[in-house]
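Hi everyone, thanks for coming. I'd like to walk you through a structure that may be new to you, so please have a look at it with me.

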Amino acid sequence: MTKPSDGRGIEEKTADDWSESHARPDPDRGSVVADPDAIPAPLFVVDDAGQITTVNRSLADRLGYDPADLRGVPVDEVFPDVRVAALADHASERDGQLVARGVGPSGQARLAFSVGAHTVETDDTAEADGTAQTGTAAGRRYVCVGHDTDESATDRTFEQYERIVRTIDDGVYVLDDAFNITAVNEAATEMTGYDRSELVGSNATMLASEETLAQAAAATQALLAGESEAATISTTIETAEGETLPIETRFSVYPFADGSHGQIGVFRDVSDRIWYERALATLNDATRELLSLDTQREVCSLVVETVTAVIDLSAAVAYDFDSETNVLHPTVTSTAAEADDETVAATGDLPVVTATDGDIWDAFVEGERRVDTGGPPVLAGDAAPVSAACAVAIPLADHGVLWLAMDESDHRDPNTMELIDLVAASAEAALERVDRDRRLRERERELRDRNERLQRLERINEVIRRIDAALVGTESRSAVESAVTANLADSPLFSFAWVGRSDGDELVPTAWAGDHHHYLDSLDRSVSADCGPPAVEAATTGEVIAVAPIADDLHAEAWRTEAVSRGFGSALAVPIGPDDAVLTVYADLTTGFPDRVQCALCDLGETVTDARRAADAGSAADESGARANDSERPARSVELALRVWSPDSPLVRLSKRVGCRLSHEGTVAKADGESLTVVRPEDPDHGTIATVDAQLAGPRTVRAVDGDDDLYGIDLVAPTVVSTVVEAGGWTSEAVVDEEGVDLTVVVPTSVAVDRVLGALEARFGDVTVTASREAADATGPTTAFRAAARSQLTSRQWTVLRWAHLSGFFEWPRATTGEDVAAMLGVSQPTVSRHLRVGQGNLFDLLFGE
């Protein structure tokens, strides 16, 4: 039975109290305590032979043993001062206290024990050695329950303080009133580099300067005056190696019996803290400087310089991402001053980093820091070993990567990694600002360039409008050419303009305007000359020729020297046909002519070509009218009946495919020798043209113009007989295509030689037979005059759109084609066709109804 507690504390209970409350004989263990670990106070039981039979966990832990290790051990080995006789004496006195010193691996413990005695009888007692003995035995058991003495508690508290002083990393010292060192801990010897024997007994001046001691003395006086309980000063000491160590000291004073005072303090090495503060200051200065940088390379240079200045790195590399080639370029590199030759060589010629080059690329694409701890060496990219224990690759957003090689200790130092993160964040922000400023500058430059282009285009359009107005009513080619060159030269965009026409041997100037007109006299304008001026090249090739700047290859071509000496920087030559004529303009600027200006001048070339043709038609009509009443009739336009044998021409091959003759209804010339032609099959049972167009080299598109397959529009890539006649200066009034050739009636105006038309047909198609030749009908009627006036009022594109719309049945009722059909055949958008139709019709109505 367990005896109820009497309410006393654990320390106040005697051994009999504990034995009465917890003791139940345990025959297997020969113990009077059934559960010793349930007793919180230190407890052990000794038999009358002086051996320990029971020990609880509390006592074993206090001494540093395992309870099982103490069972069967003589009591005097654990408690040297305890004997069985003494235990019996204290047990008989009941209230007697046994003070004993326990010894164990954890040190000594001084305890006061209450001792109680019990007699036990056991059967088959299990001995400590594991052997079983039978029979009945009786013996005494001494139950000892202990508690700390005052002296023991003080010793343990002192021991705890001693351990604290011995194990802390900060240095601890004690000084007497003369600043002599009386005690130091192990950390103090490690920081100063002196042995304990060298420090103890020495004056503090061996470590601190007079200035430091004076500062400490002043703080001591303040402590003695009761201003505070402790003082803190920041000073330096000199180590045994002669190095200066910055420290922070916190100390207080303690009194001696004679009234003097000593000093006890703790000092700490603050080198790392000072380094960190200075690193932060350097980083702060660099961050402010980053705000003034304008290029990505400048930012990377400052970042690498800063990070190597504040951190002891083996190497640092800033990589810049090239979005065009999809690689990382090493922009700036830096190595430590003590780096080996292999590291310097590796970082001096780093390769680009691609998608297969490990941590650097992975850090960039994943946007997360990558650490390589496999060194030394570590690899910068694919094949650049650096002698370092580890490397860190830090992404800089979309701009690149900062790669750093360092010691393992730096990588594990949280302050170092925090500084690296701050540097990377500052670099990323600076690169983003530089990129944003660059995009803003590019945008401003684009807007400025666009504004200049628009102004230039507006000026050229104004010039063209003036030229269009000047061409209305012109009656001759010379008047057309003079009006064009004069208006161009009056514009601030051009310095000189001239028109030349080939006579077979050279390009003969027919009109010019602007400064330096004697420039034409200095040119070799021969059409057979190599390296001729742009006008000659345009006349021989039929293409637009742009040259800018003229000063390039100055001495390679003689015309360039003449042009540069007159201040010309750029030139543009535009063919204006149909007689190999060329319009050439010169400008002072060396940047050349923008695309839109070139397009506008090409359109002007078409307008001039149309105006010259209209002037030729008007001149022919005027000549016929002026001489109508003369007895001798003047030469009129010639009408020729021709047979062109051209079995390989597109229309002839098309006629052969469909098995019937094709009547030519009209042709509209397009750019680059292409044309739109309308034909009508003469046989109502003809084959379907649309099914054979893909088998022919010439046609690109064949489309039925009306819905009953009686009229077809053909987009021809190769030149035709009709388009060749138009290019030579004549026109076709009638043409019929059969399986072997073309029968056509051609009208050749007086301004064009008949041989020119026949020569062009023979050169392109071969055999041409003139079956009839006669004077053309009088061209002085109102229809001819209106046609000439209308042609002069329309641009080439307006004429093409109106002509094709008329041929395709757009103006019929109901319409045979729509605006979309016309646009599809012309290869332009439907709004473009609508605009040309609307403006062209307006010009014709102005001509018809205007005053």
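Let's begin at G542, the residue that follows helix α17: its phi is positive, near 75 degrees. Please keep in mind that what we are looking at is a predicted model.

Helix α17 itself covers residues 534-541, and its buried residues are P534, A535, V536, A538 and A539. What do these buried residues pack against? There is quite a list: the strands β18 (496-502), β19 (507-514), β20 (545-547), β21 (570-575) and β22 (581-587), together with the helix α18 (558-565).

A glycine with a positive phi also turns up elsewhere. Helix α25 is followed by G827, and there the phi is positive, near 75 degrees. Within α25, which spans residues 819-826, you will find G819, V822, A823, M825 and L826 buried. Looking down the axis of α25, these buried residues fall within an arc of 165 degrees, so they line one face of the helix.

Now please move to helix α22. Just after α22 comes G766, with a positive phi of about 100 degrees. The helix runs over residues 754-765, twelve residues in total. From its first C-alpha to its last, α22 reaches 17 Å, close to the 16 Å expected at 1.5 Å a residue.

Which residues of α22 are buried? They are V757, L758, L761 and F765. Viewed down the helix axis, the buried residues of α22 fall within an arc of 95 degrees, so they line one face. Turn to the other side of α22 and you meet D755 and A763, which are exposed.

And what lies against the buried residues of α22? They pack against three strands, namely β23 (638-645), β29 (741-748) and β30 (768-775), and against helix α21 (721-728).

Let's follow one of those strands. V770 sits in β30. With a relative accessibility of 40%, V770 counts as partly exposed. Leaving aside residues up to four places away in sequence, V770 touches L640, A641, L642 and L758. You have met L758 already, as one of the buried residues of α22. As for L640, it is 130 residues away from V770 along the chain, yet the C-alpha atoms of the two are separated by 6.8 Å.

Strand β23 brings us to charged residues, since R643 is in that strand. R643 forms a salt bridge with D738, and the closest N and O atoms are 2.9 Å apart. This pair links distant parts of the chain: D738 belongs to the loop between β28 (731-737) and β29, and it is 95 residues from R643. Are these two partners buried or exposed? Both D738 and R643 are buried.

How many salt bridges are there in total? The count comes to 21, and I'd like to show you two others.

In one of them, the side chains of R288 and D285 meet at 2.4 Å, N to O. Both residues are in helix α10, residues 271-290, and being three residues apart there, they are separated by about one helical turn. R288 has 48% relative accessibility, so it counts as partly exposed. D285 is partly exposed too, with a relative accessible area of 41%.

In the other, R370 pairs with D362, with the closest N and O atoms 3.7 Å apart. R370 is partly exposed at 25% relative accessibility, and D362 is partly exposed at 22%. There is a wider picture here as well: salt bridges that share partners join D359, D362, E366 and R370 into one network.

For my last stop, let's look at the surface. F786, F845, L848 and F849 make a nonpolar surface patch of about 440 Å². Which element gives the largest share of this nonpolar patch? That is helix α26, residues 830-849, which contributes three residues. L848 is in α26, and with a relative accessible area of 49% it is partly exposed.

That's my tour. If you want a place to start exploring on your own, try α22, with V757, L758, L761 and F765 buried and D755 and A763 exposed on the other side. Thanks for listening!

Conventions
Residues numbered from 1 in each chain as written. Predicted model: local features only at pLDDT ≥ 70, side-chain atom pairs only at ≥ 80, totals over all residues. Heavy atoms only, no water. Patch = residues over 30% accessible without salt bridge, like charges linked within 9 Å, V, L, I, M, F, W, Y side chains within 5 Å. Areas by Shrake-Rupley, 256 points an atom, 1.4 Å probe, with all protein chains shown as cover. Salt bridge = Lys/Arg side-chain N within 4 Å of Asp/Glu carboxyl O. Helix = DSSP H or I, 4+ residues; strand = E, 2+ residues; numbered from the N terminus. Buried < 20%, exposed > 50% of the residue type's maximum accessible area, 1.4 Å probe, protein only. Expected span 1.5 Å × (residues − 1). Arc of directions from axis to C-beta. Contact = heavy atoms within 4.5 Å.
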